[in-house]
Amino acid sequence: MQPDNARLSMSVGEAMFSQRSIRRFRSDPIPMDDLHLILEAAVKAPSGGNRQPARFLVLNEPEVIRQFGALYREAWWAKRRDEKRPWTSREQIPPEDKGSTAAARLADEIKDAPCIVLALTSVRGGASSVIPSVQNLMLAARALGIGSVPTTLHPTVLERVYGLLGIPQEMEFHLCIPMGYPRGNFGSTQRKPASEVTFLNRWGASVNEWTSAAAPV
Ligand SMILES: Cc1cc2nc3c(=O)[nH]c(=O)nc-3n(C[C@H](O)[C@H](O)[C@H](O)COP(=O)(O)O)c2cc1C
């Protein structure tokens with residue numbers, strides 16, 4: 001049975017404009033009904049040729065999440081080594097680097113997240129056809145008061161992640177999305193203004209005014 005999408009009644013504007021990364025979660029489990037609705041929202045996203053290569057693996061069993069969490073943590077630090085960041089422990093991250101500090105804490109705490117969704121595709125190179133689904137998934141979660149953050153893994157752990165979770169080799173992993181009820185609040189984000197990253201009709205031509213005067217007659 002299809003879940004009741006009227007439960008996603010938060011306005012799209014409110015969901016998008018208050019969706020920030022949530023990395024700290026309460027331990028409360030996410031009801032299966034809510035997971036169902038979130039995943040139905042995810043599969044409504046478009047894909048190339050409507051081929052629908054996106055696949056999702058939902059983890060909500062604490063022991064599975066604990067084992068996956070150890071691999072996630074290893075992956076996070078492997079990425080830092082690739083970036084040649086000199087840190088080897090959370091304490092060495094400069095406190096002003098709030099993004100890395102929060103991400104490192106997630107790497108420690110993800111083992112206790114109530115839910116993690118892995119987004120994959122059944123074909124190689126399918127990122128463009130799964131990312132819209134992931135955004136739908138996170139917005140639907142937001143509308144239900146559930147926080148999330150998209151994250152990645154690292155090649156050094158992939159084989160073990162596939163082995164742990166029984167993922168077939170032909171699947172391509174894309175994103176790992178821990179989810180849960182937030183400890184902390186949703187809220188506004190810091191982003192460049194649209195006019196700084198948008199051109200009108202010709203690359204480099206700025207959108208000076210977002211008025212109908214700029215529209216063709
Ligand atoms: C492709 C991608 C990869 C990301 N990887 C991670 C990650 O590995 N760990 C993490 O904590 N956050 C990760 N994030 C979240 C970003 O850090 C976050 O979206 C950004 O800092 C903006 O945060 P805000 O939405 O709270 O403003 C990732 C986001 C994207 C889109």
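In this predicted model, the axes of helix 3 (residues 62-82) and helix 4 (residues 98-109) approach within 7 Å and cross at roughly 150°. Angles over 145 degrees count as roughly antiparallel, so helix 3 is roughly antiparallel to helix 4. On the helix 3 side the contact is made by Tyr-72, Arg-73 and Trp-76, which meet Ala-103, Ala-104, Ala-107 and Asp-108 of helix 4. By class, the residues of this contact comprise five nonpolar, no polar and two charged.

Helix 5 covers residues 131-143. How far apart should its ends be, at 1.5 Å a residue? The 13 residues should span 18 Å, and the end C-alpha atoms are 18 Å apart, so the expected and computed values agree. Buried positions in helix 5 are Ser-133, Val-134, Leu-137, Met-138, Ala-140, Ala-141, Arg-142 and Ala-143. The list thus includes the charged residue Arg-142. The cover over these buried residues includes helix 1 (12-17) and helix 2 (32-43). Strand 1 (54-59), strand 2 (115-121), strand 3 (147-148) and strand 4 (172-180) also contribute to that cover. After helix 5 comes Gly-145, with a positive phi near 80°.

Strand 4 is mostly covered, with seven of its nine residues buried. Its pairings with strand 2 and strand 3 are listed below.

| Strand pair | Sense | Bridges | A bridge pair |
|---|---|---|---|
| Strand 2 and strand 4 | antiparallel | seven | Ala-119 and Leu-175 |
| Strand 3 and strand 4 | antiparallel | two | Gly-147 and Gly-180 |

Strand 4 therefore pairs with strand 2 and with strand 3, given that at least two bridges are needed for a pairing. In a regular strand, side chains alternate between the two faces of the sheet.

The loop between helix 2 and strand 1 contains Ala-45. Is Ala-45 buried or partly exposed? Ala-45 has 17 C-beta neighbours inside 10 Å and therefore counts as partly exposed; a buried residue would need 20 or more. Outside its neighbours within four places in sequence, Ala-45 is in contact with Pro-132, Ser-133 and Asn-136. These three lie within the 131-143 range of helix 5, and Ser-133 is among the buried residues of that helix. Ala-45 and Ile-177 are 132 residues apart along the chain, and their C-alpha atoms are separated by 17 Å. Ile-177 falls within strand 4 (172-180).

Notes. Residues numbered from 1 in each chain as written. Predicted model: local features only at pLDDT ≥ 70, side-chain atom pairs only at ≥ 80, totals over all residues. Helix = DSSP H or I, 4+ residues; strand = E, 2+ residues; numbered from the N terminus. Expected span 1.5 Å × (residues − 1). Buried ≥ 20, exposed ≤ 12 C-beta atoms within 10 Å, placed from the backbone. Contact = placed C-beta atoms within 7 Å. Axes fitted to C-alpha atoms, helices over the stretch in contact; angles between N-to-C directions. Parallel < 35°, antiparallel > 145°, perpendicular 65-115°, else oblique.
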